[in-house]
Amino acid sequence: MNILIFSKAILPVVAYGGTERVVWDLGEALEEFGHHVWWLSPRESKFRKGTHIPYNPKKDLNSQIPPQIDIVHLHCETQEKLNFPYVITIHGKTPPRKTFDRNSIFISNDQAQRCGSTIFVHNGLNWSNYPKPDLSNNRDRFHFLGKAAWKVKNVKGAIQIAQKAKERIDILGGTRLNFKMGFRLTLTPKARFHGIIGGEKKFSVLNQSKGLIFPVRWHEPFGLAVIESLWFGAPVFGTPYGSLPELITDEIGYLSKHSSDLVNAIQDSERYCRKRCHSYAGDSFNNLTMAHKYLELYEKVASGKTLNPTNPICTQPGQSLLPFE
């Protein structure tokens, strides 16, 4: 198939950028399967394979798509009506009462169900772009990975859990002093802040972690932090919201909305097998599996069918912060 991937982000991602990493890895997998991938993305993007078409935001989208394209895969929403078969992945939030395109693909079963859909594809990563972890090293800290400025990510709760368990924690994705979404100053010396980091620096921290503390207070659409942590042999301790119950089994982590339960769980973190966490991430959330599932949906749409019988609508009421006690 001639597959065009449309992204407004510069690819590949240089440091932090979860969605961009997924999009890049999807394209690589499709190429590996023998398909021709066309990339419609900003001029600054650089690709190892496929054909790059520099995206011009001043032109209409249809005029920038070559006539031989069999399917267009959008990774951002557009108001323009396309003249080509297309699908669109909904990577982010699903606001209450928002209506989505009938060819929308969600990134978890939970996200899909909350919009009245059954169409989803879990994210996957090309693990060959990640270092092979040391699964037998000594580890003495936990970690939090996410945009700490977002209250729904609950970095405050993660730090409190680590403190109560008398453990140290590395914060990836935030700073000790934060003004972005209200004033927050974290004084405890048990929390070490790394800011926004990616690449080898991030990998090094993850490979020294005893586990991810992830007490989110929203319906997490997917959670790349979860599968990246598992790849490095770190079990996950979080809340049972959004996609997390789909991703985390009893063998690789523990979920509860009660901080006391999570404290007890991380104090017993050695019971989780690092090798099992690592193999689970590699086997279940790789880019080849993701691409195979997308191809099934591409073929359906290319044959003239729609993915959802009606427009998905997020009917559930909004809630600023889900319970965490």
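**Close-up views of a predicted model**

**View A. Two lysines sit over aromatic faces.** Lys93 is placed over the face of Trp150, 5.2 Å from the centre of the ring. A second case involves Lys98, which lies over the face of Phe100 at 5.3 Å from the ring centre. As you explore these contacts, please keep in mind that the model is predicted.

**View B. Trp39 and Phe47 form a stacked pair.** Aromatic pairs are counted here when ring centres lie within 6.5 Å, and the count comes to 16 aromatic pairs. Here is one of them: the ring centres of Trp39 and Phe47 are 4.4 Å apart and the planes meet at 15°, so this pair is stacked, the cut-off being under 30 degrees. Trp39 is also buried, as its relative accessible area is 3%.

**View C. Trp127 and Trp231 stack across distant parts of the chain.** With centres 4.7 Å apart and planes at 5°, the rings of Trp127 and Trp231 count as stacked because their angle falls under 30 degrees. Where in the chain do Trp127 and Trp231 come from? Trp127 belongs to the loop between α2 (109–113) and β7 (141–145), while Trp231 belongs to helix α5 (residues 224–231), and the two are 104 residues apart. Both Trp127 and Trp231 are buried. They are joined by Tyr130, Phe203 and Phe232 in one aromatic cluster.

**View D. Helix α9 packs through its buried residues.** Helix α9 covers residues 287–302, and its 16 residues should span 22 Å at 1.5 Å a residue; the end C-alpha atoms are 22 Å apart, so the expected span agrees with the model. Which residues of α9 are buried? They are Asn287, Met290, Ala291, Tyr294, Leu295, Leu297, Tyr298 and Val301. The buried residues of the helix pack against β1 (2–6), α1 (18–32), β4 (71–74), β5 (86–90) and β6 (104–106).

**View E. The two ends of α9 are worth a look.** At the N-terminal end, Asn286 acts as a cap of α9, with a side-chain oxygen 3.1 Å from the backbone nitrogen of Leu288. Just after the helix comes Gly304, which adopts a positive phi of about 100°.

**View F. Domain 1 meets domain 2.** The protein chain is divided into domain 1, made of 2–125 + 288–314, and domain 2, made of 130–283. Their C-alpha centres are 29 Å apart. How many residues does each domain bring to the contact? Domain 1 brings 20 residues and domain 2 brings 18 residues.

Methods:
Residues numbered from 1 in each chain as written. Predicted model: local features only at pLDDT ≥ 70, side-chain atom pairs only at ≥ 80, totals over all residues. Heavy atoms only, no water. Phe/Tyr/Trp six-rings, centres within 6.5 Å; stacked < 30°, edge-to-face > 60°. Buried < 20%, exposed > 50% of the residue type's maximum accessible area, 1.4 Å probe, protein only. Helix = DSSP H or I, 4+ residues; strand = E, 2+ residues; numbered from the N terminus. Lys NZ or Arg CZ within 6 Å of the ring centre and 35° of its normal. Expected span 1.5 Å × (residues − 1). Contact = heavy atoms within 4.5 Å. Polar contact = N/O pair within 3.5 Å; in protein donor to acceptor, adjacent residues only side chain to side chain. Domains from an automatic or database assignment.
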